[in-house]
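Got a few minutes for some structure reading? Have a look at the chain below, then try the exercises before peeking at the solutions.

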Amino acid sequence: MPYFETTFGILSPTIRGFTVSLIMLMGAVPSFFSGQLADRFGHLRIVMAGALVFASGVILEGSASQLSMFLVGRALAGIGEGLWLTNVSVYITEISPAARRGTLVSLPQFMATIGVCTGYFTCYGSIHIESSIAWRLPFIIMGVLAVILAGSCLFLPKSPRWLQINGRRGEALRVVERLGISSAEAEKDIFAPSIDNAPPRAAMTLSDFSLVFNKQYRMRTTLGIFILGMVQLCGIDGVLYYAPTLFNQAGLPAGTASFLASGLSAILMLAISIPASLYADNWGRRTSVITGGIGLSACMFVIGSLYAANNVHANTGAGRWFVIVLIFCFALLYVSTWGIVGKIYASEVQPAKTRAAANSLAQGLGFLTNWLVAFATPIFLAHSSYGTYFLFGGLSLFTVVVLSMFMPETRGQSLESIQDAFHAPHWGRQLRSIVSSLG
């Protein structure tokens, strides 16, 4: 935006990447221990605290007159985001009936897609404002939404599983009734005694954090960490954050036209997210991961090949239109497959005893890989128009191969019965071979 550049100057690719990605880098810091806080204080309290910290950060960003102040605000917003975002998926996983868990846990991703769409068109509209409010307005809106999120936590029910493992069975029974979970399912899954679902310590120390890598939990922790880390390394954040740059590189005019093209992709992403979220429990988790990953890899490899063969020209030829269409296809495939399955799977495969801590590790790595992609993409694109796409395509294909070998199906199963799949000798042998090969 012109007024953003007037306020802070024109940013180099490195500074631009750092500025955009700082929120993810700082989000990783609290992500690694927010699960411990949730075990002790409850998910909703940590979500509320994170939302308020995020609101404070965006207030600083929106009122900044120097880049240093803007970066401080962005760092603070990242810390808040790391606190609340890490716990949202776990909370929804624990309050959802097994038959509808996929749909309900996919709702944050659906809302994120709404946010991307709204964000693009907010910027498309505010860019015409003849003052610095053109770039400050989006931060004002984010601050208001963060306060609303914090306030909503006062009215939401606590996780019945968290209440149960903290000795508050009576309150858990009332919450189960409020959530509409059948008494049969509750007695079989939530209230049934289980070794895997034994209570965590009230105050988990750093040394206790190693519990998630104990022999009986190691595979589930590794799988959750891998899937949340790798779904970011496919390059989706490069597409979302730098869509105007990608379209401009492919030959569309800079400025407003690129924002409009980015907004069109956001509308399509939102449109496909609706059936993808509604039918998340109709598709198997493995099916979504494997078919989606193959499609994502193909998009990246074809785009990279077009650039490598010098078939993409700014003003002539069909190559640029192939690139633009494939970027659309990539984004749509991601939000309908990997974007939904990743967070669902990483949360539901963990037992109650380690769910919050293991998911914190996975979300923390997801923030770090998110930061890496957001920071490196403009630098990579400045040096090579095709190498970036080949890299993302290769990482996506690698993820498909690994998950097709080691990812058991979880659709439609209770959180407690899912754990049985990880006690089977077949999965144990494969995990041990992976761990031993890694030293």
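The exercises below go from the whole chain down to single residues, and the model they use is a predicted one.

**Exercise 1. Work out what the protein chain is built from and how much of it is buried.**

Solution. Start with the secondary structure: the protein chain has 21 helices and zero strands. Next, turn to burial: 53% of its 439 residues count as buried. Then look at the surface, where about 18300 Å² is exposed, with carbon and sulfur atoms supplying 69% of that area. Finally, check the contacts between residues with a separation of 6 or more: 81% of these join residues 24 or more positions apart.

**Exercise 2. Find which elements have the lowest and the highest mean pLDDT.**

Solution. Begin with the chain as a whole, which averages a pLDDT of 82, with 88% of the residues scoring at least 70. Now go element by element. Helix H21 (residues 425-437) comes out with the lowest mean pLDDT, at 50, while helix H3 (residues 43-63) has the highest, at 94. A word of caution to finish: where pLDDT is low, don't read the predicted coordinates in detail.

**Exercise 3. Describe how helix H6 packs with helix H7.**

Solution. First, the geometry: H6 (residues 107-126) and H7 (residues 133-152) pack at an angle of about 145°, and their axes are 8 Å apart. Second, the handedness: H6 passes H7 in a right-handed crossing. Third, the residues: H6 brings Thr122, Cys123 and Ser126 to the contact, and H7 brings Ala134, Leu137, Pro138 and Ile141. Last, sort those residues by type, and you get five nonpolar, two polar and no charged.

**Exercise 4. Is Ala352 buried or exposed?**

Solution. Locate Ala352 first: look in the loop between helix H17 (338-348) and helix H18 (355-383). Then take its relative accessible area, which is 7%. The cut-off for buried is under 20%, so Ala352, at 7%, counts as buried. For a partner from elsewhere in the sequence, try Ile190: the two residues are 162 residues apart along the chain, yet their C-alpha atoms are separated by 9.7 Å.

**Exercise 5. Now classify Ser56 by its relative accessible area.**

Solution. Ser56 is in helix H3, the element with the highest mean pLDDT. Its relative accessible area is 35%. Partly exposed covers values between 20% and 50%, so Ser56, at 35%, is partly exposed. To place Ser56 in space, use Leu76, which is 20 residues apart from Ser56 along the chain; the C-alpha atoms of this pair are separated by 7.3 Å.

Technical notes: Residues are numbered from 1 along each chain as its sequence is written. This is a predicted model: local features need pLDDT of at least 70, side-chain atom pairs count only at pLDDT 80 or more; totals for chains, interfaces and linings use all residues. Side-chain values use heavy atoms; hydrogens and water are left out. Axes are lines fitted to C-alpha atoms, for helices over the stretch in contact, and angles run from 0 to 180 degrees between N-to-C directions. Helices (H or I, at least four residues) and strands (E, at least two) are DSSP runs, numbered from the N terminus. A crossing is left-handed if the near helix is turned anticlockwise from the far one by less than a right angle, and right-handed if clockwise. Contact means heavy atoms within 4.5 Å. Ala, Val, Leu, Ile, Met, Phe, Trp, Tyr, Cys and Pro count as nonpolar, Asp, Glu, Lys and Arg as charged, and the others, Gly among them, as polar. pLDDT is the predictor's confidence in each residue, from 0 to 100. Buried means under 20% relative accessible area, exposed over 50%, partly exposed in between (1.4 Å probe, protein chains only). Accessible areas come from the Shrake-Rupley method with a 1.4 Å probe; for residues, only the protein chains shown count as cover.
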